[in-house]
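Please look through the structure below before reading on. The text then goes from the division into domains to the core, one helix and a few single residues.

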Amino acid sequence: MSSTSTMHAVYAYGSDLTALTDETLPRPTPGPGEVLVAVRAAAITAGELAWPDTWPVIPAHDVSGVVAALGPHVVDLRVGDEVYGLIGFDRNGAAAEYVTVLATDLAIKPATIDHVGAASLPLGGLTAWQALIDHAHLEKDQHVLIHGGAGGVGAYAVQLAVHHGARVTATASAADAEFVAGLGAGLVIDYTGRFEEQVTDVDIVIDTVGGDTMTRSWPVLRPGGVLIGVADPPQETAAAAHGARGVYFVVEPNMHELIELAQLVDAAVLRPVVGRVFPLADTAAAFKAQRDSHIRGKVVLEVAAA
Ligand SMILES: NC(=O)c1ccc[n+]([C@@H]2O[C@H](COP(=O)([O-])OP(=O)(O)OC[C@H]3O[C@@H](n4cnc5c(N)ncnc54)[C@H](OP(=O)(O)O)[C@@H]3O)[C@@H](O)[C@H]2O)c1
């Protein structure tokens, strides 16, 4: 346990798991517009240790916890509020007992789930929401193909697309097929096979895999369709050659979308997908499992109250 002025945190000094270091640091002080959150759970993201422009950094930018202090000019939150959110990638993340977060990047956590479930939502849920709604402008009855339907982004994309009235096809491993069908996908295709021979007339591809999967996706789109890549950027020449639109974006914190996601969770429309939970002290094992273990949904770090 740390003292009242310090905290335990995990720092990433590089992409290797051995570059993760447990440290005791001064507890941060919230600046203007920020709150200090006592972290109860944080989620990690595939590949995040390989974002070199962020090192050194406290990883895990999904947070759920309790507001412990307010910085100047924060009016919408109070000490003791249970909040969740996506911390901007230019800041330290939540693999720590405390983190300062812009108040505008947080929302009240869904009431019907615990902090572990809430921490699994922001990055994956917001990426799925922004892909489908903000960038693809999804309409009812459209046909959506989601690559990686069991993953941290894909499992939310499947559920949100179904909720918005889409016909959903997803790719996943054979082991995950039943799980993804349970999220609402009408057809689940084994990703070791040739999905392009089993699906056609797609309005929107949400590609969380990239590479060859993206290259093979263009022909399944209808003319005028859109391919949203979050793992890799679509090539403009390929999009033009297929009469389609290609979009790459980086997810952004968004309080209003977090509020909508929380409402969907509390209405039992959106299910948090937590694959594995590790204590903060086992952060390196959590990253290893995320990378190596074919985990469904998100890997979450649970942080004991300091
Ligand atoms: N641009 C952004 O804002 C943004 C936001 C979030 C994430 N991302 C990136 O998007 C990617 C996915 O993130 P994530 O959190 O969803 O990762 P994840 O949790 O690891 O999920 C990836 C999923 O894709 C499956 N998969 C692997 N190969 C596949 C293939 N060939 N075809 C179809 N599915 C396949 C995996 O199955 P197995 O478990 O069987 O391997 C897994 O279920 C990462 O590169 C991440 O960094 C970008």
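What follows is a walk through a predicted model.

The domain assignment splits the protein chain into domain 1, made of 6-121 + 272-302, and domain 2, made of 124-248. Taken over C-alpha atoms, the centres of domain 1 and domain 2 are separated by 28 Å. Where the two meet, ten residues of domain 1 are in contact with nine residues of domain 2. On the domain 1 side, the touching residues comprise four nonpolar, four polar and two charged ones.

The next topic is the nonpolar interior. In soluble globular proteins, nonpolar side chains tend to be buried together. The largest nonpolar core here has 97 residues, and Ala42 and Ala157 are the ones that touch the most other members. Strand E3, residues 34-44, supplies the largest share of this core, with eight residues. Because domain 1 (6-121 + 272-302) and domain 2 (124-248) both contribute residues, the core lies between them. Leaving out neighbours within four places in sequence, Ala157 is in contact with Ala128, Ala131, Leu132, Ile146 and Ile206.

Three of those partners, Ala128, Ala131 and Leu132, are also listed among the buried residues of helix H2. The other buried residues of H2 are Pro122, Leu123, Gly124, Gly125, Leu126, Thr127 and Trp129. Ten of the 14 residues of H2 are buried, so this helix is largely enclosed by the rest of the structure.

How is the packing of two helices put into numbers? Two packed helices are described by the angle between their axes and the distance between the axes. For helix H2 (residues 122-135) and helix H7 (residues 255-266), the axes come within 10 Å and cross at roughly 100°. An angle from 65 to 115 degrees counts as roughly perpendicular, and H2 is therefore roughly perpendicular to H7. Pro122, Gly125, Leu126 and Trp129 are the H2 residues in this contact, and they meet Glu257, Leu258 and Leu261 in H7. By type, the residues of the contact of H2 with H7 are five nonpolar, one polar and one charged.

Which residue takes a positive phi just after H2? That residue is histidine 137, with a phi of about 55°. Most residues other than glycine have a negative phi. Histidine 137 has its positive value although it is not a glycine. Its place is in the loop between H2 and strand E8 (143-147). Is histidine 137 buried or exposed? Histidine 137 has 10 other C-beta atoms within 10 Å and is exposed, the limit for that class being 12 or fewer.

Histidine 294 also has a positive phi of about 55° without being a glycine. Histidine 294 sits in the loop between helix H8 (283-292) and strand E15 (298-302). With 12 other C-beta atoms within 10 Å, histidine 294 is exposed.

The last residue to look at is threonine 6, which lies in strand E1 (residues 6-12). Threonine 6 is partly exposed, because 16 other C-beta atoms lie within 10 Å, a count between the limits of 12 or fewer for exposed and 20 or more for buried. Not counting residues up to four places away in sequence, threonine 6 touches Thr24, Leu25, Pro26 and Arg27. Aspartate 266 is 260 residues from threonine 6 along the chain, and the C-alpha atoms of the two are separated by 35 Å.

Note on methods: Residues are numbered from 1 along each chain as its sequence is written. This is a predicted model: local features need pLDDT of at least 70, side-chain atom pairs count only at pLDDT 80 or more; totals for chains, interfaces and linings use all residues. A nonpolar core is a set of buried Ala, Val, Leu, Ile, Met, Phe, Trp, Tyr and Cys residues joined through C-beta atoms within 7 Å. Helices (H or I, at least four residues) and strands (E, at least two) are DSSP runs, numbered from the N terminus. Domain bounds come from an automatic or database domain assignment. Two residues are in contact if their C-beta atoms, placed from the backbone, lie within 7 Å. Axes are lines fitted to C-alpha atoms, for helices over the stretch in contact, and angles run from 0 to 180 degrees between N-to-C directions. Angles under 35 degrees count as roughly parallel, over 145 as roughly antiparallel, 65 to 115 as roughly perpendicular and the rest as oblique. Ala, Val, Leu, Ile, Met, Phe, Trp, Tyr, Cys and Pro count as nonpolar, Asp, Glu, Lys and Arg as charged, and the others, Gly among them, as polar.
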